[in-house]
Amino acid sequence: MTDLWRFQAKNGQRLILEVNARRLGSPLDSYIEILDAQGKPVPRAVLRCLAKTYTVFRDHDSAASGIRMETWSELSINDYILVDNELIRIWALPKNPDDDCTFYSVAGQRQGFLETTPTHHSMGTSMYKVAIHPPGTSFPPNGFPVVTVFYRNDDGGPGYGKDSRLFFDPPADGEYQVRIGDSRNKAGENYAYRLTIRPPRPSFTVKFDPTSPAVWKGGALPINVTAERLDGFEGAIEVRLENLPTGFSAPATTIPAGETTTSFALWADPSAKTPVGQAFQPAETRQTGMSAPRPLKLVARAVINGQQMIREVTGGLPQVVEPGDLAATAEQSEVTVQPGKEVRLTVKIDRRNGFKGRVPLDVRGLPHGVRVLDIGLNGILITEQESSRTFAIYAEPWVQPTTHPFVVLAKSEKKNTEHAAKSVLLRVVK
């Protein structure tokens, strides 16, 4: 059983169609598709397949961002891949034959492009590299399929659960129909839903973690920032941590366009002290009228449709803790790299408190397309006999000029703690 609803639309005026059912308590597992006035599905794009590989090693579920593939010699970062009816995009290629290919994901959920729905894929399933073309485009035969994608959605992605959502760019002025049904072909009086057709309202929210960080004295701790992009907003988001107490510092940074996360280092000088909150201030301090320290606040800014939008998130007070078993230091405070080339960075560690173990290093906050080369099965590793490691940072040829801080941190496997160096400034220049 399906429902049909008619609506008017104009070419050039994007619309969002969304179903609210599961989020309201309805058992409906909706799908939504757009038809023209004659009841025919409206094509969205044509996918021309250009190369082929296969899933290997195991079956793959509908959520994980990693999929093991047979070969990837004809693939590159940002390529689109069609597997069954799911269109996904490569975030990072495998580092070795025992590694997965990593695909774009949001909030831990693999992202389906053109609003295709991530699904389970059996081992041995064909995977096609594809190019996206406008509907109606024709090509000379190349031995691979040509696939038409229509305006249809099953699950709307993070925040929607089993509810459906579609972005619709009307190909012409006129009347259209939206068809709604249950993906399991179930129906009943309690299978209620609410259909909304509206223009997009692009926006975003942000959060950071940890919100009340405990920072090593004379060291740093990584702060991870996550953005939720709403209604198709994909622009850059500037972020800055404010209300830093004396002795603390952190660089301003950006969540680049199209990305949802970044990281920076919160540093505490050797002389830094834990700020005392109002409730814990001694009486003499309160009597002098001294103001209590303010909690950390993350301020995020973006320009949407020509207007600046600001989002603020309040955390708690930072603490200073005594140095742990490790201290990490980057020899260079900034590195410069050209697209298609690499630069080398040296990180030193200082072992303390009798700690003699090996030390894995991690790099966070690099913009998409910039990565660490030659990471082995154990990652970037400083062995028990070493106190430093030099590694290469590579920028893909398509990376645009940018200035962006990133974090290098050492990990204590003994206590499962992270010890970051001061943020390193990356410059990508042509």
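A charge is taken to sit over a ring if NZ of Lys or CZ of Arg is within 6 Å of the ring centre and within 35 degrees of the ring normal. In this predicted model, Arg152 meets that description, lying over the face of Tyr31 at 4.4 Å from the ring centre. The charged end of Arg68 likewise sits over the ring of Phe57, 4.4 Å from its centre.

## Overall composition

The protein chain has 430 residues, of which buried residues make up 43%. Its secondary structure comes to 1 helix and 36 strands. Along the principal axes, the C-alpha atoms fill a box of roughly 75 × 55 × 40 Å. Among contacts with a separation of 6 or more, 71% join residues that are 24 or more positions apart.

## The sheet 1-15-3-13

Arg152 also belongs to a sheet. Four strands form this open sheet in the order 1-15-3-13, and the pairing is antiparallel. Strand 1 (2-9) and strand 13 (152-153) stand at the edges with a single partner strand each, so one side of each is left without a neighbour in the sheet.

The pairings within this sheet, together with those made by strand 24, are set out below.

| Strand pair | Sense | Bridges |
|---|---|---|
| Strand 1 and strand 15 (residues 174-182) | antiparallel | 8 bridges |
| Strand 3 and strand 15 | antiparallel | 7 bridges |
| Strand 3 (residues 30-36) and strand 13 | antiparallel | 2 bridges |
| Strand 20 (residues 237-242) and strand 24 | antiparallel | 5 bridges |
| Strand 24 and strand 25 (residues 307-314) | antiparallel | 8 bridges |

Individual residues give the register of these pairings. Asp3 stands opposite Ile180 in strand 15, and Ile180 is also the bridge partner of Ile32. On the side of strand 13, Arg152 is the bridge partner of Glu33.

## Strand 24 and its neighbours

Strand 24 (residues 297-304) has 6 of its 8 residues buried, so this strand is largely enclosed by the rest of the structure. Towards strand 20, Lys297 in strand 24 is the bridge partner of Glu242. Towards strand 25, Ile304 has Gln307 as its bridge partner. Strand 24 and strand 25 form a hairpin with 2 residues between them, and Asn305 in the turn has a positive phi of about 55 degrees.

## Nonpolar cores

In soluble globular proteins, nonpolar side chains tend to be buried together. The largest nonpolar core of the model holds 29 residues, and Leu345, Leu361, Phe391 and Phe406 touch the most other members. Strand 29 (residues 342-351) gives the most to this core, with 4 residues.

Which residues does Phe406 touch, not counting residues up to four places away in sequence? The nonpolar partners include Val335, Leu345, Val363, Leu366, Ile393, Val424 and Leu426. Ser263, Arg364, Gly365 and Ser423 are also touched by Phe406.

A second, separate core of 25 residues includes Phe204, Leu241, Ala272 and Met309.

## Aromatic pairs

The structure holds 9 aromatic pairs. One of them joins Tyr128 and Phe144 edge-to-face, at 6.2 Å centre to centre and with 70 degrees between the planes. Tyr128 lies in strand 11 (residues 126-133) and Phe144 in the loop between strand 11 and strand 12 (146-150), so the pair ties together parts that are 16 residues apart in sequence. Tyr128 counts as buried because its relative accessibility is 15%, below the 20% cut-off. Phe144, at 30% relative accessibility, counts as partly exposed. Ring pairs also link Phe7, Tyr151, Phe168 and Tyr176 into a cluster.

## Cysteines

A disulfide is a covalent bond between the sulfur atoms of two cysteines. How many disulfides does the structure hold? The number is 0. Cys49 is in no disulfide, and the nearest cysteine sulfur, that of Cys101, is 16 Å away. Seen from Cys101, the closest cysteine sulfur is in Cys49, and the separation of 16 Å is too far for a bond. The disulfide cut-off used here is 2.5 Å. Cys49 is buried, with a relative accessible area of 0%. Cys101 likewise counts as buried, at 0% relative accessibility.

Conventions:
Residues are numbered from 1 along each chain as its sequence is written. This is a predicted model: local features need pLDDT of at least 70, side-chain atom pairs count only at pLDDT 80 or more; totals for chains, interfaces and linings use all residues. Side-chain values use heavy atoms; hydrogens and water are left out. Rings of Phe, Tyr and Trp (its six-membered ring) pair if their centres lie within 6.5 Å; planes under 30 degrees apart count as stacked, over 60 as edge-to-face and the rest as tilted. Buried means under 20% relative accessible area, exposed over 50%, partly exposed in between (1.4 Å probe, protein chains only). Two strands pair if DSSP finds at least two bridges between them. A nonpolar core is a set of buried Ala, Val, Leu, Ile, Met, Phe, Trp, Tyr and Cys residues joined through side-chain atoms within 4.5 Å. Contact means heavy atoms within 4.5 Å.
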